[in-house]
Amino acid sequence: MEEVQARAPGKIILSGEHAVVHGSTAVASSISLYTYVSLRFSTPSDNQDLLKLQLKDPALEFSWPITRIQQVLPESAAVLSSTPASCSVECAKSIAALVEELDIPEAKIGIASGISAFLWLYSSIQGFKPATVVVSSELPLGSGLGSSAAFCVAMAAALLAFTDSASLDVNQQDWQFFGEKELELVNRWAFEGEKIIHGKPSGIDNTVSSYGNIISFKSGNLTHMKSNVPLKMLITNTKVGRNTKALVAGVSERMLRHPDAMAFVFSAVDSISKELTSILKSPTPDELSVTEKEEKIEELMEMNQGLLQCMGVSHATIETVLRTTLKYKLASKLTGAGGGGCVLTLLPTLLSGTIIDKVITELESCGFQCIIAEIGGTGVEVKFGNSSS
Ligand SMILES: Nc1ncnc2c1ncn2[C@@H]1O[C@H](COP(=O)(O)OP(=O)(O)O)[C@@H](O)[C@H]1O
Ligand SMILES: C[C@@](O)(CCOP(=O)(O)O)CC(=O)O
Ligand SMILES: [Mg+2]
C-alpha cells in the first residue's frame, strides 16, 4: 500500500525574529516537538474519488471530490513537482473560495490558511490523485514555535516522498532522511506553503524545520552551526493566541512610517545575532568559560527583547513572564512573532533544579504553560508503510 509518514520539528528563534524578514541575521534551533503528516493514496477498492484531510489538533475533517479540485485549480497538475512555484493571486482566490465553502467554526478560523497551503502543495505536487492526509502535532498552534513551518515541511516531505526524484528506500520501514538535493526541494516547497500562511516569511522557520540543528540565517542563506555552549531553554507559552501574518505586516507598516529609526533597530538585531553566532561557535574552553558565555547570551537576549518591544510585538503577558523570571535573575525574550505566544528563558548550566521548579511553579500559577524541549535535534524525516506500524 502506498503510505508514508513524515515528521518535521518546530523551532525556537534565539535571536532575530521579524528583523530577519527585513534582511537581518537570525539564529534559530529545531526543538524536539514534531508535526506528523501521513499520506495514503486511495486504492480502487476504496471506491472513492475524494481528497480527505484530517486535522487532529483542531479535530476537523474535510473532503473534496477530486473533480471539484480539478475544476477550481485546473492548471495545478501542470506544475512540475521539481520546480516549486508560488501560488498566483488568481489561484489564491480560487483556493480561498474552496476553503470558504468549508464552514470552518469561527473559533478555529486560523486553520483556513493551513488548509489553503495544503491545497496548493497537494495539487501542485501530486495533481489530482485521491488520497487521505492526516495531520497531528505536538506543537501548540500559533504560539511562535513554528507550527506553520513544521506543517508545511512535513506536508511537502510526505508529498514528495513518492516522486521519482526522492531517491528514498520505500522498502525500508525506519525513519529516513532525504538526500541533499531532495531536502532542498522539500524546503523550497515548504517555503511556498509558508508564504500562503505568513504572507511574507523570511524562510528561517521552514529552513530550520527541514535541516534541524542550530542555524544562522540571513536573506535566504543558512549556515549550519555546532553550538559549543550546552543551551537549555525554558519555553513559556502565554497561551495568548496571535497570528504571525498580522504581526509581520504590523512591523512592515511601522517600518514604512519610520524607515530610518527602524533601519537602526534591524541593524542592531543583526549585530546581536552575529555576536550570538560567534559565542555559540567559539570552542569551549577558550578564554571564556561556559558561565561567562551564558552571561553574554543573557545580555544579548535582553537587548533583543528590548528591540522587539521597539518593533511593537511584545505583549502584557510577555512582560509578565519577563518580570517573573527576572526575580530569579533569569533573562528572557519572546520567540517567534510575539504578540503573545511563547517566551524563552535561558537556564544556565549551574542553575539549581530547585530554582527551576520555583520559576515554573510561579509561571504556571499565572496561567502559563511551561515546556522543556530538547534543542537542536534532527530535521524532517519520512517513514514508509502503515503509520500504525
Ligand atoms: N497541525 C496543523 N494543522 C493544521 N494547520 C496548522 C497546523 N499547524 C499549523 N497550522 C497552520 O499554521 C497556522 C499557525 O501559524 P503561525 O501563525 O505562523 O504560528 P506558528 O507558526 O508560530 O505556530 C495555523 O493557524 C494553521 O493555519
Ligand atoms: C516573525 C518571524 O521572524 C518568525 C515567525 O515565527 P512563528 O510563525 O511565530 O513561529 C517571521 C519570519 O521570519 O518569517
Ligand atoms: Mg509560523
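This passage looks at how the chain splits into domains and what surrounds ligand 2 in a predicted model.

Start with the overall layout. The domain assignment of the protein chain comes out as two parts: domain 1, made of residues 3-223 plus 378-384, and domain 2, spanning residues 227-372. Taken over C-alpha atoms, the centres of the two domains sit 27 Å apart. Where the domains meet, 28 residues of domain 1 are in contact with 35 residues of domain 2. On the domain 1 side, at least two residues each come from β1 (3-15), β2 (26-41), α5 (180-198) and β6 (214-218). Of these, β1 gives the most, with four residues. As for chemistry, this side of domain 1 breaks down into eleven nonpolar, 15 polar and two charged residues.

Now for the ligand. Ligand 2 is surrounded by 17 residues, and the closest are P201, S202, T244, G336 and A337. Both domains pitch in here, with domain 1 and domain 2 each giving at least three residues to the shell. Two helices, α6 (204-211) and α7 (244-257), each bring at least two residues to the shell around ligand 2. Sorted by type, the shell holds seven nonpolar, eight polar and two charged residues.

One stretch also carries a database label. According to an unreviewed UniProt entry, residues 126-211 are annotated as "domain: GHMP kinase N-terminal". In the model, residues 126-211 are 49% helix and 8% strand, and the C-alpha atoms at the two ends of the stretch lie 23 Å apart.

Technical notes. Residues numbered from 1 in each chain as written. Chains lettered and ligands numbered in written order. Predicted model: local features only at pLDDT ≥ 70, side-chain atom pairs only at ≥ 80, totals over all residues. Near = placed C-beta within 6 Å. Nonpolar A, V, L, I, M, F, W, Y, C, P; charged D, E, K, R; others polar. Domains from an automatic or database assignment. UniProt positions renumbered as here; feature names shortened; annotations may be inferred. Contact = placed C-beta atoms within 7 Å.
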